[in-house]
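Let us walk through this structure step by step, beginning with how far the model can be trusted and then turning to its interior and to one cysteine.

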Amino acid sequence: MSTNLLYHAFDIRGSQYVNTTYQGGAVIFKIRQEPEELRCPVCGARKVIRRGQVERRFRTKPIGKTPVWIDLGVQRVFCRLCGALGQVKVKFAQKRWSYTKAFAR
Ligand SMILES: [Zn+2]
């Protein structure tokens, strides 16, 4: 598995592949956000300060009959321009969805 394959198989961009684990018959790909994805979720500024991470798990397309999950530590940031505090946007999933756009299709 590579970052390139993540993109082609699961339509996941702006993230780097970290590792793969197997849990109860499912495959879990751990990814992390690219540093350039760290922008304010409100105004889009790059002048942000990291404020911890929130682990989120997304369901995505299965590989054959094997369920696939994506684990992503979503960075929380404080914006030095507008003062917002929140999670940076996750490009491959809609807000509050626990599954990816690829799975929704
Ligand atoms: Zn901002």
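The model shown here is predicted, and its confidence varies along the protein chain, being highest in strand β5 (residues 85-87), at 94, and lowest in helix α2 (residues 101-104), where the mean is 72. Taken over the protein chain, the average pLDDT is 86, and 92% of the residues score at least 70.

With that in mind, we can turn to the interior. In soluble globular proteins, nonpolar side chains tend to be buried together. Here the largest nonpolar core has twelve residues, namely Leu6, Phe10, Ile12, Phe29, Ile31, Phe58, Val68, Ile70, Leu72, Val90, Phe92 and Ala93. At least two residues of this core come from each of α1 (3-10), β2 (26-33) and β4 (66-79), and β4 contributes the most, with three residues. One member of the core, Phe92, is in contact with Asp11, Ile12, Arg13, Thr100 and Lys101, once its neighbours within four places in sequence are left aside.

The cysteine is Cys43, which has its place in the loop between β2 and β3 (48-63). Is Cys43 buried, exposed or partly exposed? Cys43 counts as partly exposed, because it has 13 C-beta neighbours inside 10 Å, whereas a buried residue would need 20 or more. Beyond its neighbours within four places in sequence, Cys43 is in contact with Cys79, Leu81, Cys82 and Ala84. Ala93, which belongs to the core, lies 50 residues from Cys43 in sequence, and the two are 19 Å apart in space, taken from C-alpha to C-alpha.

How values were computed:
Residues are numbered from 1 along each chain as its sequence is written. This is a predicted model: local features need pLDDT of at least 70, side-chain atom pairs count only at pLDDT 80 or more; totals for chains, interfaces and linings use all residues. A nonpolar core is a set of buried Ala, Val, Leu, Ile, Met, Phe, Trp, Tyr and Cys residues joined through C-beta atoms within 7 Å. Helices (H or I, at least four residues) and strands (E, at least two) are DSSP runs, numbered from the N terminus. Two residues are in contact if their C-beta atoms, placed from the backbone, lie within 7 Å. pLDDT is the predictor's confidence in each residue, from 0 to 100.
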